[in-house]
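Q: Could you walk me through this one slowly? I'm new to reading structures.

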Amino acid sequence: MTDNADRSPVATDARPRLSTRFTEALGIEYPVVQGGMMWVGRAELAAAVSEAGGLGIITALTQPTPADLVKEVERARTLTDKPIGVNLTILPSIAPPPYDEYRQAIIDAGVTIVETAGSSPEPHMQQFTDAGIKVIHKCTSVRHALKAQSLGVAAVSIDGFECAGHPGEDDVPGLVLIPAAADALSIPFIASGGFADGRGLAAALALGADGINMGSRFMCTVESPIAQAVKERIVAASELDTNLIFRTLRNTARVAKNSVSDEVVRILNDGGQFPDVQPLVAGARGRKVFEQGDIEAGIWTVGQVQGLIHDIPSAGEVVRRTVAEAKQRLQERLAQFA
Ligand SMILES: Cc1cc2nc3c(=O)[nH]c(=O)nc-3n(C[C@H](O)[C@H](O)[C@H](O)COP(=O)(O)O)c2cc1C
């Protein structure tokens, strides 16, 4: 972290500065990223994060077509003139989306930062690089981070076992994964999974990361386009209220604990296969949770960090207080031990 000369106390510091290799590489003010989130990462949320100095990310596949993605990026541009990223998640699928067309839409929309996730960004790197796009590759292991580094990505986002969504199959939590990544990588990287506040950002910086990525925390904000009941459920929930589904299929996903995810875990632990749970995990049911606020309607994604989420602020407020609290922790609490 290349902190600058600003040493004034947080309370009197209207706009604290916190620059790192990551902010410098990406051309943003604060090392706070809102990771791609299916059904959540739309223009309002991404723009609010970017406008506050972080990096907001629109989720490509939430848009029904590549043309809709271009329109969503244009809509975000009416809300902020700061850089906005697009997430392209490449996962195994029975009916894969037209990834190449979404990639072209990202390029056509003039986006300058892309977050790739799910599998290697290799098939898309040449086109993104030719278009001058900086790629942040999100992955869950040091070996995949090193592979991404060798492919020429600008930065890596390393997702610990705590994270919402797909933590991989290695089960290495951030407390080990982050310093392990710091030891191995030479490019900037941010820590992801389990972060909700400035304590987390300070800890990530202390462990060698150049910033943080947050999903669940930004999902529970005013601009997040999901039903209020889901946000209230996140506030009420503890760190114990997630389930790991698809473990036996080696496609683990961390999701909210509810009657549906309990049932999926039970069926698969009893020897069931994907077809046995397919109706329960249907995307349409999960979407209903977010749109109608019926938290038992299907599978929905959230991380253990919900145990640290106690309110529903604006996304800009999350960025501001995360940075302010991190500065305070670094300057006051940690300084007393220095
Ligand atoms: C509702 C939701 C949907 C998500 N969808 C995606 C996705 O489509 N692609 C992706 O790369 N990550 C996705 N994620 C993961 C986040 O980008 C981020 O890596 C993760 O939330 C970090 O863990 P945290 O929730 O503890 O902050 C999703 C997370 C949530 C909460």
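Q: Which element gives the largest share of the shell around the ligand?
A: That is helix H9, which contributes three residues to the shell; please keep in mind as we go that this is a predicted model.

Q: Which elements give two or more residues to that shell?
A: They are strand S3 (84–89), strand S8 and helix H9 (216–219). In total 29 residues surround the ligand, and the closest are Gly35, Ala117, Gly215, Ser216 and Gly303.

Q: What classes of residue are in the shell around the ligand?
A: By class, the shell has eleven nonpolar, 14 polar and four charged residues.

Q: Now the overall layout: how is the protein divided into domains?
A: Domain 1 covers 10–223 together with 314–337, while domain 2 covers 228–305. Their C-alpha centres lie 23 Å apart, and the contact between them takes 17 residues from domain 1 and 14 residues from domain 2. On the domain 1 side of that contact there are eight nonpolar, six polar and three charged residues.

Q: And which domains does the ligand shell draw on?
A: The shell around the ligand takes at least three residues from each of domain 1 and domain 2.

Q: Changing topic, why is helix H8 described as largely enclosed?
A: Helix H8 spans residues 198–206, and seven of its nine residues are buried, so the rest of the structure largely encloses it. The buried ones are Gly198, Gly200, Leu201, Ala202, Ala203, Ala204 and Leu205.

Q: What do the buried residues of H8 pack against?
A: They pack against strand S1 (32–34), helix H7 (174–184), strand S7 (189–192), strand S8 (212–214) and helix H14 (315–333).

Q: Which residue takes a positive phi just after H8?
A: That is Gly208, whose phi is about 110°.

Q: You mentioned H7 as a partner of H8; how do H6 and H7 cross?
A: The axes of helix H6 (residues 142–151) and helix H7 come within 10 Å and cross at roughly 35°, and the crossing is right-handed. On the H6 side the contact is made by Val142, Ala145 and Leu146, and on the H7 side by Ala180, Ala181 and Ala184.

Q: Why might residues three or four places apart in a helix point the same way?
A: An α-helix has 3.6 residues a turn, so residues with that spacing point the same way.

Q: And what classes of residue make the contact of H6 with H7?
A: The contact has six nonpolar residues, with no polar and no charged ones.

Methods: Residues are numbered from 1 along each chain as its sequence is written. This is a predicted model: local features need pLDDT of at least 70, side-chain atom pairs count only at pLDDT 80 or more; totals for chains, interfaces and linings use all residues. Domain bounds come from an automatic or database domain assignment. Two residues are in contact if their C-beta atoms, placed from the backbone, lie within 7 Å. Ala, Val, Leu, Ile, Met, Phe, Trp, Tyr, Cys and Pro count as nonpolar, Asp, Glu, Lys and Arg as charged, and the others, Gly among them, as polar. A residue is buried if 20 or more other C-beta atoms lie within 10 Å of its own, exposed if 12 or fewer, and partly exposed in between; C-beta atoms are placed from the backbone. Helices (H or I, at least four residues) and strands (E, at least two) are DSSP runs, numbered from the N terminus. A residue is near a molecule or strand if its C-beta atom, placed from the backbone, lies within 6 Å of it. Axes are lines fitted to C-alpha atoms, for helices over the stretch in contact, and angles run from 0 to 180 degrees between N-to-C directions. A crossing is left-handed if the near helix is turned anticlockwise from the far one by less than a right angle, and right-handed if clockwise.
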